[in-house]
Every structure is written in C-alpha cells, then in structure tokens.
Amino acid sequence: MDFSFGSLELNRTHAAHIGTAPAGGAQGIAGQEGVRRSEKKGAFEQYLLEAVSELNSRQLDVAAIQEQVITDPDSVDIHDVTTAMAKAQMSLNLAQTVIDRLVKGWSDLSQNR
C-alpha cells in the first residue's frame, strides 16, 4: 500500500476562507491574517502528510518482514513479526477512526446541526 500526496491546497471563493488566495487577494489586516492562517494550514498539512507517511512505512515494514519470514525463517524472530503486525494494525485502526470522525464532523457541519 503506497500513499503519495502532492501539495494539497484548497481553492477559496471568499477572501476570509483559508486556502489558496484568489486573484487580487485581501489587503491590509485581512491579508496579514491570511498569511498567518496559511502558515498554520501548512503545518497541519505537513502533520497529516507525516502521519500518512508513518502509516505507510509501518505497512511496508510488515510486508518486508513477512517476506523475510517466507524466504529465510531462521533470521527472523516471530515476536518481531507479531509486534510489527500489531503496530501496523493499530496505526491503521487509528487512521480509520480519525477519518470516520472527520467525515462525521463534516457531515454534521454541512447539515447545520
């Protein structure tokens, strides 16, 4: 499983929204706030990309250790295999929970509850 994300950016239609500024963006104080918001957005984007990268790396580690168990079983401790699989499963479960909650939150917000 390989996840590859480029630069994720949101297009905005209003100057107060966070995302890529439209042509002739906001000026003055609103422009300064936009700069601060984009810095925060970049940090959050980086955090998400690092989290997905870590999840992908754990999945790849499990695949590599499973391949090693098949090709050279004496070189691998079964406890290492079990630990790697448990870490990968826990990471995947956490990612799925976060995604489910984000989708539910977005759904709640879009319904104006």
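Q: Buried means under 20% relative accessible area and exposed means over 50%, with partly exposed in between; why, then, does Leu-48 count as partly exposed?
A: In this predicted model, Leu-48 has a relative accessibility of 38%, and because that value lies neither under 20% nor over 50%, it falls in the class between buried and exposed. Leu-48 is found in helix H1, which covers residues 28-71.

Q: What makes the nonpolar surface patch that includes Leu-48?
A: Phe-44, Tyr-47 and Leu-48 together form this patch, which has an area of about 340 Å². A patch residue needs over 30% relative accessible area, a condition that Leu-48 meets with its 38%.

Q: Why is Ser-91 called buried?
A: Its relative accessible area is 18%, and since buried means under 20%, Ser-91 belongs in that class. Ser-91 lies in helix H2, where Val-81, Ala-84 and Ala-88 are buried as well. Leaving aside residues up to four places away in sequence, Ser-91 touches Leu-55 and Arg-58.

Q: How do you know that Arg-58 forms a salt bridge with Glu-54?
A: The closest N and O atoms of the pair are 3.1 Å apart, and because the rule asks for a side-chain nitrogen of Lys or Arg within 4 Å of a carboxyl oxygen of Asp or Glu, the pair qualifies. Both residues lie in helix H1, 4 residues apart, which is about one turn of the helix. An α-helix has 3.6 residues a turn, so residues three or four places apart point the same way.

Q: Why do Arg-58 and Glu-54 count as partly exposed?
A: Arg-58 has 28% relative accessibility and Glu-54 has a relative accessible area of 40%; since both values lie between the limits of 20% and 50%, each residue is partly exposed.

Q: What makes the contact of Asp-108 and Lys-104 a salt bridge?
A: The side chains meet with an N to O distance of 3.1 Å, and because the limit is 4 Å, the pair passes the test. These two residues are 4 residues apart in helix H2, separated by about one helical turn. Asp-108, at 23% relative accessibility, counts as partly exposed, because it stands above the 20% under which a residue would be buried. By this rule the count of salt bridges comes to 2.

Q: What makes the largest nonpolar core?
A: This core has 6 residues, namely Val-62, Ile-65, Val-76, Val-81, Ala-84 and Ala-88, and they qualify because a nonpolar core is a set of buried residues of such types joined through side-chain atoms within 4.5 Å. Helices H1 and H2 each supply at least two residues of the core, and H2 gives the most, with 3 residues. Val-81, with residues up to four places away in sequence not counted, touches Ile-65, Val-69 and Val-76. In soluble globular proteins, nonpolar side chains tend to be buried together.

Q: How do you know that the span of helix H2 is close to the one expected?
A: Helix H2, residues 78-110, has 33 residues and reaches 48 Å from its first C-alpha to its last; because the expected span is 1.5 Å times one less than the number of residues, the value to set beside it is 48 Å, and the two are close. Just after H2, Asn-112 takes a positive phi of about 55 degrees.

Conventions: Residues are numbered from 1 along each chain as its sequence is written. This is a predicted model: local features need pLDDT of at least 70, side-chain atom pairs count only at pLDDT 80 or more; totals for chains, interfaces and linings use all residues. Side-chain values use heavy atoms; hydrogens and water are left out. Patches are made of residues with over 30% relative accessible area and no salt bridge: like charges are joined within 9 Å, nonpolar side chains (Val, Leu, Ile, Met, Phe, Trp, Tyr) within 5 Å. Accessible areas come from the Shrake-Rupley method with a 1.4 Å probe; for residues, only the protein chains shown count as cover. Buried means under 20% relative accessible area, exposed over 50%, partly exposed in between (1.4 Å probe, protein chains only). Contact means heavy atoms within 4.5 Å.
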